[in-house]
Amino acid sequence: MTPLTPRDRGRRFRMLTAAGAGLLLVPLAAACGSGGSGGSGAIKIGVPAPLSGDSASAGQDILAAAKVAADEINKAGGVDGRKIQIVEADDQCSAQQGAQAAQKLLNSGVVAVAGGYCSGAAVPAIPIYGRRGVPFVMDASTNPSLTDSGKGKVFRTCGRDDNQGLVAARFMTGPLGAKRIALLHDNTTYAKGLADAAANSARQAGGQVVYENALQPGQSDYGPVLTKIASTRPDVLYFTGYFAEAGLLMKQRKQLGLRFTLMGGDATTDSTVLKTAGAAAGGYIATTAPLAKDLPAAAAFVSAYKAANHADPGPFSVYEYDAVKVVAKAIDDAGSTRGAAITEALHKIKGFPGITGPITFDAKGDRTDPLYITVQVQGGAFTAYKKLDESGATWVDAKTS
């Protein structure tokens, strides 16, 4: 590669980042050396996601958001004049396919990875990326072990399940006034981890966990499971699995006339759940990171997403958009497409203006300011409901605060 002249090293490119309700063009310095970003051809960023199977709607949403981000970067000049190319791989939310998807992305020449959905698919993928030194910025995989064991090469634009479990427990024992708490998961890495975190936090908050067990995903009748749970007389059932089963639980709970409150985790906020449950979804509450429509800085993204896909963005779309943008920023800051240089640049990022809020990573790669709120189904849509105030002591209206 021909070395860059000082003039070349001073070249700047323009990249879209979020600020307020719109998107601003922000100049970012780029400098390339050996292994730099100033080569020829597109810079490839991998996006693993479940593009088929029960979680396909979430995966397709994540992929669509990545393409919106890449399109904006490319229209603004790319990274050092090079286009960003999104390379997708279907991990099917399974460990086996997750490993195969990771290898496929590496074989295609990706320099970084931004995506994921199911933590169980990320577990085997992380060491595969790690051995090649390719950084992985996750948008939706929330199990704490992923960054805890990521050796500094794994990052998140989303939060962690130990944080989410704490918020869930505080909401159930606080505003909901629950004393007896039931927890239902599906034995996946994500769901079991969130259930365990919620159970521990609920006990610490003075709640009594009267049930904690798993259902078998992919079934059509969860009546026996719900009936067994009802026999423990819970005030609330917190389901930590995925949206395919959540919709059925809502519907069948209503059919059985069960009176306990049904809540869920952030994998139950996909719009598909509303179609499955119908009217039975009314009043359903879930813990989640803020959704796209509730983020003022995401307004321009929402418009761009709708224009490109003729649909509303899903719950993790904004976190994937930010993941691609922060990877592009790191590549530019590093002046290189080498994995080690990109990883180092990611660790140095402070207050990146994401549409989900300022992004800074801690030593493990976790976001330093994760935010979880509750949403409720009102008028056939998930609507911001309650959140903790800045002191972390008082629940306030998430729609107006």
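1. A good place to start in this predicted model is the largest pocket: residues from both domain 1 (43–159 + 296–359) and domain 2 (162–288 + 373–397) contribute to its lining, so the pocket lies between the two. Its volume is about 810 Å³.

2. If you would like to centre your view on the largest pocket, look for Pro290, Leu371, Tyr372, Ile373 and Lys387, which lie nearest its centre among the 32 lining residues. Helix 6 (161–173), strand 14 (357–359) and strand 16 (381–388) are the elements that give two or more residues to this lining. Of the elements, helix 6 gives the most, with four residues.

3. As for the chemistry of that lining, 17 of the residues in the largest pocket are nonpolar, seven are polar and eight are charged.

4. Do have a look at the second largest pocket too, with a volume of about 510 Å³. Here domain 1 (43–159 + 296–359) and domain 2 (162–288 + 373–397) each provide at least three residues of the lining.

5. Which residues lie nearest the centre of the second largest pocket? They are Ser271, Asp312, Pro313, Gly314 and Pro315, out of 20 that line it. At least two lining residues come from each of helix 2 (56–75), helix 11 (299–309) and strand 16. Strand 16 is thus worth following with care, as it also gives two or more residues to the lining of the largest pocket.

6. By class, the lining of the second largest pocket comprises 10 nonpolar, five polar and five charged residues.

How values were computed: Residues are numbered from 1 along each chain as its sequence is written. This is a predicted model: local features need pLDDT of at least 70, side-chain atom pairs count only at pLDDT 80 or more; totals for chains, interfaces and linings use all residues. Side-chain values use heavy atoms; hydrogens and water are left out. On a 1 Å grid over the protein atoms alone, a cavity is a set of points where a 1.4 Å probe fits but cannot get out, and a pocket is an open set with protein on both sides within 12 Å along at least five of seven lines; lining residues have an atom within 4 Å of a point. Grid points are joined across faces, edges and corners, and a volume is the space filled by probe spheres set on the points. Ala, Val, Leu, Ile, Met, Phe, Trp, Tyr, Cys and Pro count as nonpolar, Asp, Glu, Lys and Arg as charged, and the others, Gly among them, as polar. Domain bounds come from an automatic or database domain assignment.
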